[in-house]
Each structure stands twice: as C-alpha cells, then as structure tokens.
Amino acid sequence: MALVVLSSLEAVATWVAGAIDEQVRQKPASVLGLPAGGTPQPVYAELVRRHREEGLSFAHTSAFGLDEYVGLPSGHPASFRQVVEQAFYRHVDLPVARIHSPDIAAPDLAAASARYEQAIADAGGLDLVVLGIGLNGHVAFNEPGSALDSRTRLVELAAGTRRANAAAFPHEPVPARAVTMGLGTILAARSCLLMACGAGKAPIVARLSESALPAGQVWRSHPRATLVLDQAAASQLPPD
Ligand code: PGA
C-alpha cells in the first residue's frame, strides 16, 4: 500500500514510465497489463521517447489490455485497443502477436473471457498491471460491487462511467457493456501501479484508504501495489 505524491501530471507520467522501463529492462519477457483512458497517455508518450532515444525495447514483452467495450467494430477509434495502439503499440517494437485484448467479437463472451485468462496464464502471469482510477473508484471496468475474486468477464458499465467516457463517442452512445479483467486477475499480478491525476479525482482518491471501492481494495489488498498521484489528486487525502 505504497503512496507516491508528485508535483504534476508530467512527474507522475515520468515516474510510472520509469517503473515500466525498470520492469522491462530487468525482465525483457515481462507481461504487462495496460490501460486506455486519458491518464496513461503521457506515460505512453514517455515510453515511446525512451524506446526511440534510450534503447528501451519491448521486443520480448507481452501486453494485455485491461478491458474493452462490447459492440464496437474492430478498429473503432474509441476502442481501447485502438487508443493504446495509437499512443503506444504502433510506435514501439512490441510484436503484434504478443499484444492481447479481450475478444469482444467472439460469439460466446464467457468462453472468450476464459480464453483471455488462459492466455495470461500461458504468458507466465501478469508481472505489472498499470491502472487508472475511475471517478467512481473503478479499476479497469470493475465497477463498485465487483467481487475481489472476479476474473475476466462481461460487465455492465455504470451510468457515471458512460457519462465520463462520452467525449470519445461524439456520434453514438457509449457502449453499455464491456469485457474486463477482474479484480482477481489484477490481484494475481506480481505488482500493480494505480495512477490518478487532477483535482477531479481528489474526492475519490480521498476515499481509497477505507472504502470498499475497487481501486481501494486493490491498493490495500495487493502486497505490491503503489498509488501514484499528482498533488491535485492528492489534495483531499486525509492527514495520516
Ligand atoms: P481516465 O480513466 O484515465 O481517462 O481518467 C480512468 C478510468 O476510468 O479507469
């Protein structure tokens, strides 16, 4: 349950990219769990810079997307695979065969979810999962009330989550369902980084140390979980 508070979004991005850099240099065949969303975007920019300028290679790394909307055609710009593709995958040397996302086109999403868990296991298990935090305390698309032992599965999105993500869907409704890694999947990873930036996240961050919110549960239950905040997101934390 480590906490790191840094001065700015840029400092958080550099810190998180540095942790991923260290993980991948120590173990080139690392298995990463990677988020979409706005918060990680500068992390990906920093990883791409390190790839281009500092020899950081992902040639032996595997990546598993945390979650994906159900109902979007492959290649939809708001799909989480595309978001991470545009920010990261296409700019680095991570082999496409080792880039994984939940198969939301499968006719049987329960079977596809089980296959996703098996693919993670076959890759050797997740070494490092990077997580944003939703305004309601979700991680990946595990909304409040998700079971601690949940695994990759089909979920309904909370109304607030759909509102928060509406900007990515100017011409159509935000999908109502998604496939997400479960809290159990995330807790089984060898380490976790949770990141939150900006004043908008301050109220939810302030509740993480005591609540049953998914982000708080991961942070408190996982033996190697670090919460990385900028000062704005940390501004309503209760005093120690
Ligand atoms: P954000 O999303 O990084 O765009 O704020 C976080 C989340 O909803 O998990």
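Let us begin at Arg153, which touches Ser113, Asn142, Ser146, Ala178, Val179, Thr180, Met181 and Gly182, leaving aside residues up to four places away in sequence. Keep in mind as you look around that this is a predicted model. Arg153 belongs to strand S7, which covers residues 153-156. One of the residues it touches deserves a second look: the side chains of Arg153 and Ser146 are joined by a polar contact of 3.3 Å. For a sense of distance, you can also pick out Leu229, which is 76 residues from Arg153 in sequence. In space, the C-alpha atoms of Arg153 and Leu229 are 29 Å apart.

Now turn to the ligand. Which residues are around it? They are Gly37, Gly38, Thr39 and Pro40, then Gly132, Ile133, Gly134 and His138, and finally Lys201. Three of these names come up again when you look at individual atoms of the ligand. In the side chain of Thr39, an N or O atom is 2.5 Å from an oxygen atom of the ligand. His138 has a polar side-chain atom that lies 2.7 Å from a ligand oxygen atom. With Lys201, an N or O atom of the side chain is 2.6 Å from an oxygen atom of the ligand. How much of the ligand does the protein bury? On its own the ligand exposes 280 Å², and 74% of that is buried by the protein.

Our last stop is a pair of helices. Two packed helices are described by the distance between their axes and by the angle between those axes. Here the pair is helix H2, residues 41-54, and helix H3, residues 80-87. Their axes come within 9 Å and cross at roughly 40°. An angle under 35 degrees would count as roughly parallel, and 65 to 115 as roughly perpendicular, so H2 and H3 are oblique to each other. On the H2 side, the contact is made by Gln41, Tyr44 and Val48, while H3 brings Val83, Val84 and Ala87. What kinds of residues make up this contact of H2 with H3? They divide into 5 nonpolar and 1 polar, with no charged residues.

Notes: Residues are numbered from 1 along each chain as its sequence is written. This is a predicted model: local features need pLDDT of at least 70, side-chain atom pairs count only at pLDDT 80 or more; totals for chains, interfaces and linings use all residues. Side-chain values use heavy atoms; hydrogens and water are left out. Axes are lines fitted to C-alpha atoms, for helices over the stretch in contact, and angles run from 0 to 180 degrees between N-to-C directions. Helices (H or I, at least four residues) and strands (E, at least two) are DSSP runs, numbered from the N terminus. Angles under 35 degrees count as roughly parallel, over 145 as roughly antiparallel, 65 to 115 as roughly perpendicular and the rest as oblique. Contact means heavy atoms within 4.5 Å. Ala, Val, Leu, Ile, Met, Phe, Trp, Tyr, Cys and Pro count as nonpolar, Asp, Glu, Lys and Arg as charged, and the others, Gly among them, as polar. A residue is near a molecule or strand if one of its heavy atoms lies within 4 Å of it. A polar contact is a pair of N or O atoms within 3.5 Å; within protein, one must be able to donate a hydrogen and the other to accept it, and residues adjacent in sequence count only if both atoms are side-chain atoms. Accessible areas come from the Shrake-Rupley method with a 1.4 Å probe; for residues, only the protein chains shown count as cover.
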